[in-house]
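Thanks for sharing this one. Could you have a look at the structure below and then go through my notes beside it?

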Amino acid sequence: MDKKRLLSKISRYDGKPLTLMEVCGSHTAAVFRTGIRNILPPSVRLISGPGCPVCVADDAFISRAAALEGRARLISFGDMARTVGRLRPGTRVETAASPTDAVMRAKAAPAEDVVFLSVGFETTNPVCALSVLRAREENVKNFFLLTCNKTMPPIMEYLAKAYPDTDGYLLPGHVCAVSGTGFYKEFCKKYNVKGCVAGFDSLQLSAALYLLMYGKTLFSNVYSYVKEEGSPSAEAAVREVFEPCPAVIRGIGEIPGAGLRLKKEFAAFDVSCRFGLPEVFPPQDAGCRCGDVICGRIEPPECPLYGVSCRPETPCGPCMISSEGTCFAYFGGCERRSV
Amino acid sequence: MCVAYPLKVTEVNGRSAVGEAGGLKVGFDCGLCPGVKPGDYVLVHAGCAIEILDPGEARETLLLFDELKEALEDG
């Protein structure tokens, strides 16, 4: 495939100025890693969106996790484990490639309570649901979820209403591989914005950016792994275990229906059932502008903490810790290669 | 965190399976994709298959439709 031809067209774009948002954290990392951000003409502004599940985890979730230190064995994905460890020193979180591994660890140590810090969007939600189904099947009674799972559609609706100046969205490929494209097609029509579902290599990114700049159709999909119907069996697992609830998004606040919580029949796996955790809402670090970074309102250097007190070695917020965080990517945490 | 990768399924034993990509063998959980069988391609995330791919998709990721074809053809 002639990627060079696409790249050359992207870099020579001279149409009306565009603001394009990459919604997914993996896209944020990819636009830096591939170097594609560097070839965009000045008239195209690429902004980051709230699609890194670790970055949008609110302080209450992180504080609740920290409150469990010493009372339970905490396990999560690498980025979440590091974020809790860095922001709440003294809290030890083990890493696991999959929450189903955490179930097996719980099964192997029945005397300990094991809590999985369950974060993710549509790509990861089925895997979290599977861990609960697995724990039930294996009769593992010492495995619990502390949920911070979210779904993209209510957040997209929020973004479109709050920031109507966005001209197009680079849509999350692996989220759509699970959820399908129905919502996004309707979304583009409803708000008269362009959207393109894409994968994460430079060919995918260049094809999507080309279509967002020059394409005539509002909605497009360049990623062959994404089917219109998504992955019905993965979606079914999510619907079996979870139900929608309000979600607090770091820097944005509460969005109705954007979260997932365990259904009543799975309450025995809910951490609050075992520990009855109090609600904790500590203040954010004074001056940290995570919320504006997460919604693409400012670039990281516009935050007064960026590069001064907030650096990869002394991060003040998850955007500087997560490997898919905008501030981390911006700081050069992603190795730059040429496209 | 939403990184997923395609594997060609080589073995299925109940809910655990083995897939192959680029000569590497990787174990994964197929509990979310019942009915998966050797020869299928799956998309794997966090150690679990989340989608069975259509044959052929796993090799070519770019979906070519008219607007994109035009861009690639007219220089």
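Here are some numbered points on the sheet, the helices, two loop residues and the chain contacts.

1. Please keep in mind throughout that this is a predicted model.

2. A good place to begin is the open sheet of chain A, where four parallel strands come in the order β4-β3-β5-β6. Its edges are β4 (93-95) and β6 (143-149) of chain A, each of which pairs on one side only. On average, neighbouring strands are turned by 30° against each other, direction ignored.

3. Within that sheet, β5 (residues 114-120) and β6 of chain A are joined by seven bridges in the parallel sense. If you want a pair to click on, S118(A) has T147(A) in β6(A) as its bridge partner. Helix α6 (residues 125-137) of chain A packs on the sheet here, touching β5 and β6 of chain A, and its direction makes about 160° with that of β6(A).

4. Another helix to look at is α4 (residues 78-87) of chain A, which lies across β3 (73-76), β4 and β5 of chain A. Relative to β4(A), α4(A) runs at about 160°.

5. Which residues of helix α9 (residues 182-191) of chain A are buried? They include Y184(A), F187(A) and C188(A). These three sit on the same side of α9(A), because they cover an arc of only 95° around the axis. As a general reminder, an α-helix has 3.6 residues a turn, so residues three or four places apart point the same way.

6. The cover over the buried residues of α9(A) includes α7 (152-162), β7 (168-172), α8 (173-179), β8 (194-198) and β9 (219-221) of chain A. On the face turned away from that buried side, you will find the exposed residues E186(A), K189(A) and K190(A).

7. Two loop residues deserve a glance at their backbone angles. N192(A), which follows α9(A), is found in the loop between α9 and β8 of chain A and has a positive phi of about 50° although it is not a glycine. N192(A) is exposed, with 9 other C-beta atoms within 10 Å. N139(A), in the loop between α6 and β6 of chain A, also has a positive phi, near 55°. N139(A) is exposed, with 7 other C-beta atoms within 10 Å.

8. Finally, the contacts between chains: 27 residues of chain B touch 49 residues of chain A. On the chain B side, the elements giving two or more residues are β4 (41-45), β5 (48-53) and α1 (66-73) of chain B. That side divides into 17 nonpolar, five polar and five charged residues.

Technical notes: Residues are numbered from 1 along each chain as its sequence is written. Chains are lettered from A and ligands numbered from 1 in the order in which they are written. This is a predicted model: local features need pLDDT of at least 70, side-chain atom pairs count only at pLDDT 80 or more; totals for chains, interfaces and linings use all residues. A residue is buried if 20 or more other C-beta atoms lie within 10 Å of its own, exposed if 12 or fewer, and partly exposed in between; C-beta atoms are placed from the backbone. The arc is that of the directions from the helix axis to the C-beta atoms. Two residues are in contact if their C-beta atoms, placed from the backbone, lie within 7 Å. Ala, Val, Leu, Ile, Met, Phe, Trp, Tyr, Cys and Pro count as nonpolar, Asp, Glu, Lys and Arg as charged, and the others, Gly among them, as polar. Two strands pair if DSSP finds at least two bridges between them. Axes are lines fitted to C-alpha atoms, for helices over the stretch in contact, and angles run from 0 to 180 degrees between N-to-C directions.
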